[in-house]
Amino acid sequence: EAAAREALVRLGLAADTPALYQLNLAARQAKNDVEKFAAVLDLLAPINEATRFLAASLALCNGVATRFGCDRASLGWLDGGYIHLLAMSRTEQFDRQMSAAQSLEKAMEECLDQDEEILWPAVEDANSVTRDHEAFSQEQKSGNVCSIPLRLDGKAVAVLTCERHEGAFS
């Protein structure tokens, strides 16, 4: 009888373990969600303060570069069927005629044409074409490049490209 009581007490203690695990998992997920939401709000604050589109574009590029540890973040916008480089982080003015800017626009168009995120170096199971990203990375000695299409009503209208030497994008 004593052994049965002891076993009952131990089973009672063990019965709480799955519930505590689930509660802990939910708390961690909630914390991660709140951190992501706070990061988005921190990124949006300077963008919303800007009164002009180019200033907002520059604020976006600067915020993304800072938040994700990028050496440079650039925004290209679709205009007349082609991507035009609008803003680069930490750069007030740039010449779109420079070969670096033209190479970046080609990489952005590669992302826009496929309408999907492109990482360079490419991940093993990627099905996307990355020729222009590879050329841009080698030309600029960027190391790691990530291009993300920005969509409006499900249609890509812009591309955000991030570059950094250290740490591959995922």
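In which loop is Pro 121 found? In this predicted model, Pro 121 belongs to the loop that runs between β3 and α4 (131–140), and the peptide bond that joins Trp 120 to Pro 121 is cis, with omega at about 0 degrees. The points below take up the sheet, the helices that accompany the sheet, the salt bridges, the surroundings of Thr 161, and the backbone angles of the loops.

**The sheet**

- Five strands form an open sheet in the order β2-β1-β5-β4-β3, and the pairing between them is antiparallel; the edges are held by β2 (82–88) and β3 (118–120), each of which pairs on one side only.
- On average, and with direction ignored, neighbouring strands of this sheet are turned by 20 degrees against each other.
- Strands of a sheet pair through backbone hydrogen bonds, and the arrangement may be either parallel or antiparallel.
- Strand β4 (residues 144–152) and strand β5 (residues 155–164) run antiparallel and are joined by nine bridges, and within this pairing the bridge partner of Leu 150 is Ala 158 in β5.

**Helices and the sheet**

- Helix α3 (residues 99–114) lies across β1 (72–79), β2, β3, β4 and β5, and the direction of α3 is at about 120 degrees to that of β2.
- Helix α2 (residues 53–67) consists of 15 residues, and the distance from its first C-alpha to its last is 21 Å, close to the 21 Å expected at 1.5 Å a residue.
- Many positions of α2 can be listed as buried, namely Ala 56, Ser 57, Leu 58, Ala 59, Leu 60, Cys 61, Gly 63, Val 64 and Ala 65, and the elements that cover these buried residues include α1, β1, β2 and β5.
- Just after α2, the backbone at Gly 69 takes a positive phi of about 65 degrees.

**Salt bridges**

- The structure holds five salt bridges, among them one between Arg 5 and Glu 1, in which the closest N and O atoms are 2.8 Å apart; Glu 1 counts as exposed because its relative accessibility is 76%.
- Another of the salt bridges brings together the side chains of Arg 10 and Glu 6, at 3.0 Å from N to O, and both residues lie in helix α1 (residues 2–49), four residues apart, which is about one turn of the helix.
- An α-helix has 3.6 residues a turn, so residues three or four places apart point the same way.
- The two partners in α1 fall into separate accessibility classes: Arg 10 is exposed, with a relative accessible area of 57%, whereas Glu 6 is partly exposed, with a relative accessible area of 40%.
- The side chains of Arg 72 and Glu 163 also meet in a salt bridge, at 2.8 Å from N to O, and this pair links distant parts of the chain, with Arg 72 in strand β1 and Glu 163 in strand β5, 91 residues apart.
- Glu 163 has a relative accessible area of 4% and is therefore buried.

**Thr 161 and its surroundings**

- Thr 161 is placed in strand β5, where its relative accessible area of 0% makes the residue buried.
- The side chain of Thr 161 makes a polar contact of 2.9 Å with the side chain of Ser 147.
- When residues up to four places away in sequence are not counted, Thr 161 touches Arg 72, Ala 73, Ser 74, Leu 104, Met 108, Val 145, Cys 146 and Ser 147.

**Backbone angles in the loops**

- Most residues other than glycine have a negative phi, and most peptide bonds are trans.
- Asp 115, in the loop between α3 and β3, has a phi near 50 degrees, which is a positive value in a residue other than glycine; with a relative accessibility of 31%, Asp 115 counts as partly exposed.
- Asp 153, in the loop between β4 and β5, likewise has a positive phi, of about 55 degrees, although it is not a glycine; with a relative accessibility of 79%, Asp 153 counts as exposed.
- The cis peptide bond between Trp 120 and Pro 121 adds a further backbone feature to these loops, since Pro 121 is found between β3 and α4.

Methods:
Residues numbered from 1 in each chain as written. Predicted model: local features only at pLDDT ≥ 70, side-chain atom pairs only at ≥ 80, totals over all residues. Heavy atoms only, no water. Pairing = 2+ DSSP bridges. Helix = DSSP H or I, 4+ residues; strand = E, 2+ residues; numbered from the N terminus. Axes fitted to C-alpha atoms, helices over the stretch in contact; angles between N-to-C directions. Contact = heavy atoms within 4.5 Å. Salt bridge = Lys/Arg side-chain N within 4 Å of Asp/Glu carboxyl O. Buried < 20%, exposed > 50% of the residue type's maximum accessible area, 1.4 Å probe, protein only. Polar contact = N/O pair within 3.5 Å; in protein donor to acceptor, adjacent residues only side chain to side chain. Expected span 1.5 Å × (residues − 1).
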